[in-house]
Every structure is written in structure tokens, then in C-alpha cells.
Amino acid sequence: DALTAVQWGVEVVLVGIVTSYARRISGEADERRSQALDRVQRLLDANQLLFNLHQVAQDLPSSLDLDEVLESTLDRLRDLLDFDTAAILLRDDVDETWHVARRFGGRVPAMFLAPQLPPPIRAAAEVDEVVNAPNLLRHGGPGLHARAGSGVYVALRARGALVGVIALEHAKAFHFSARDADLLGGFAEAV
């Protein structure tokens with residue numbers, strides 16, 4: 001009886017070891033599958049972003065007329081992103097002023113002196129990347145519009161020189177995603 005009990009005990013221990021090993025292998029396989037699906041999703045997102053940027057580049061005006069370029073830029077932005085307020089500000093190097101060349105949505109002053117620029121626009125003018133301000137009501141604000149909850153801002157550069165800023169804002173906080181910021185960054189390069 002003791003010998004049989006020991007044999008059964010050893011078999012139960014071996015079954016437990018095999019089960020735990022199988023569970024570990026299954027967990028590793030699930031993790032690899034999850035990583036592969038994550039990579040595929042990131043590739044799908046990148047592909048969609050590239051497709052949208054390609055469409056933007058195809059639709060940009062070939063004209064060099066400033067009014068036509070500004071109007072078509074604002075139209076394309078409305079097709080690409082969801083926002084309540086938008087403005088394209090152009091910088092005047094002579095007197096350090098910023099003129100609102102085109103706007104959409106809320107009330108926006110026609111001109112800003114450099115020190116009066118809203119903080120996120122000033123930040124976008126100083127860096128070479130998109131500034132995503134997810135909650136303008138709590139920190140980083142105000143934006144162009146007093147009631148803006150979130151915003152994305154990007155500098156417009158030509159031959160390395162700052163010529164303007166595109167500002168997009170929405171009433172809801174945390175409205176703009178990282179994908180929206182990437183899309184706006186690619187769009188600004190084409191503009």
C-alpha cells in the first residue's frame with residue numbers, strides 16, 4: 001500500500017509539472033500572438049496615415065496664390081480632422097506680429113503681438129514638432145478660443161524659416177489623439 005501511494009504521489013507530481021509547463025508554453029504563445037496582433041495594428045494605423053498624407057499631397061493646390069493656398073488648406077483640414085476652431089497664423093518678421101490669415105469657427109483676434117500669442121501656439125512656433133495640448137482648461141492654455149478644451153498646433157516652415165502656425169481646437173478636452181497630431185504634422189510639411 002505504501003509503495004502504491006508513493007507511485008500515485010509521484011504521478012500526481014509529474015502531472016502537475018507537465019500541466020504547469022504546458023500552461024507556461026500556452027501563455028508564451030498567447031503573448032507572442034498578442035504582440036503580433038499589436039504590430040499588425042500599428043502597421044495598419046501607419047498605412048492609413050500614409051494613405052491620408054498621400055491624399056493631402058495630391059489635393060494640395062499647385063497655385064502659388066496665397067489666398068487660394070490658405071483656403072484649400074483649411075478645406076483639407078476640415079476633411080481630415082474634427083475641430084471646432086481653426087486658424088492659420090502667418091508671422092510678419094518686420095514687426096514681430098502674427099496675422100490670422102484664415103480662420104474657421106470661434107472668434108479669433110485678427111492679429112497678435114508675439115508676447116500675446118497663446119502659450120500652445122508660442123510653443124509650436126519654437127519647436128519642430130506638433131504640440132498636442134490635451135486639456136487647455138486645466139494647464140497649457142488658454143488656446144485661441146477661450147472655451148477650447150483641447151488643441152493641436154504645428155509650425156509652418158519654409159526652407160527652415162518659421163512662416164506661420166496652424167492651430168486646431170475642440171471644445172472637448174482630450175479630443176485629439178496622437179494619430180491626429182501625426183496627421184497634422186505630415187500635413188504641415190506638405191503645406
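**Salt bridges, surface patch and pocket lining**

The structure holds 11 salt bridges, as computed on a predicted model. Side chains of opposite charge can pair when their charged atoms come close. Within helix H1, one such contact is formed by the side chains of Arg-33 and Asp-30, with an N to O distance of 3.0 Å. These two residues stand 3 residues apart in helix H1, about one turn of the helix. Arg-33 is exposed at 52% relative accessibility, whereas Asp-30 is partly exposed, its relative accessible area being 39%.

A salt bridge also links the side chains of Glu-71 and Arg-102 at 2.8 Å, N to O. Because Glu-71 belongs to helix H2 (residues 66-80) and Arg-102 to strand S2, this pair ties together parts that are 31 residues apart in sequence. Glu-71 is partly exposed, with a relative accessible area of 34%.

Helix H2 also contains both Asp-79 and Arg-76, which are 3 residues apart, about one turn of the helix. Their side chains meet in a salt bridge of 3.4 Å, N to O. The relative accessible area of Asp-79 is 58%, so this residue counts as exposed; Arg-76, in contrast, is buried at 12%, the limit for burial being under 20%. In addition, Arg-24, Glu-28 and Arg-32 are joined into one network by salt bridges that share partners.

On the surface, Val-6, Val-10, Val-13, Leu-14 and Ile-17 make a nonpolar patch of about 450 Å². Of these residues, Val-10 is located in helix H1 (residues 2-59) and is partly exposed, with a relative accessible area of 43%.

The second largest pocket encloses about 150 Å³ of space. Its lining comprises Val-127, Asp-128, Glu-129, Val-130, Val-154, Ala-155, Leu-156, Arg-157, Gly-185, Ala-188 and Glu-189. By class, these lining residues divide into 6 nonpolar, 1 polar and 4 charged. Strand S5 (150-158) and helix H4 (178-190) each contribute at least two residues to the lining, and the largest share, 4 residues, comes from S5.

Backbone geometry was also examined in two loops. Glu-96, although not a glycine, has a positive phi of about 55°. This residue lies in the loop between strand S1 (85-92) and strand S2 (97-104) and is partly exposed at 38% relative accessibility. Phe-174, likewise not a glycine, has a positive phi of about 60°. Phe-174 is placed in the loop between strand S6 (161-170) and H4, and its relative accessibility of 61% makes it exposed.

Conventions:
Residues are numbered from 1 along each chain as its sequence is written. This is a predicted model: local features need pLDDT of at least 70, side-chain atom pairs count only at pLDDT 80 or more; totals for chains, interfaces and linings use all residues. Side-chain values use heavy atoms; hydrogens and water are left out. Patches are made of residues with over 30% relative accessible area and no salt bridge: like charges are joined within 9 Å, nonpolar side chains (Val, Leu, Ile, Met, Phe, Trp, Tyr) within 5 Å. Accessible areas come from the Shrake-Rupley method with a 1.4 Å probe; for residues, only the protein chains shown count as cover. A salt bridge is a side-chain nitrogen of Lys or Arg within 4 Å of a carboxyl oxygen of Asp or Glu. Buried means under 20% relative accessible area, exposed over 50%, partly exposed in between (1.4 Å probe, protein chains only). On a 1 Å grid over the protein atoms alone, a cavity is a set of points where a 1.4 Å probe fits but cannot get out, and a pocket is an open set with protein on both sides within 12 Å along at least five of seven lines; lining residues have an atom within 4 Å of a point. Grid points are joined across faces, edges and corners, and a volume is the space filled by probe spheres set on the points. Ala, Val, Leu, Ile, Met, Phe, Trp, Tyr, Cys and Pro count as nonpolar, Asp, Glu, Lys and Arg as charged, and the others, Gly among them, as polar.
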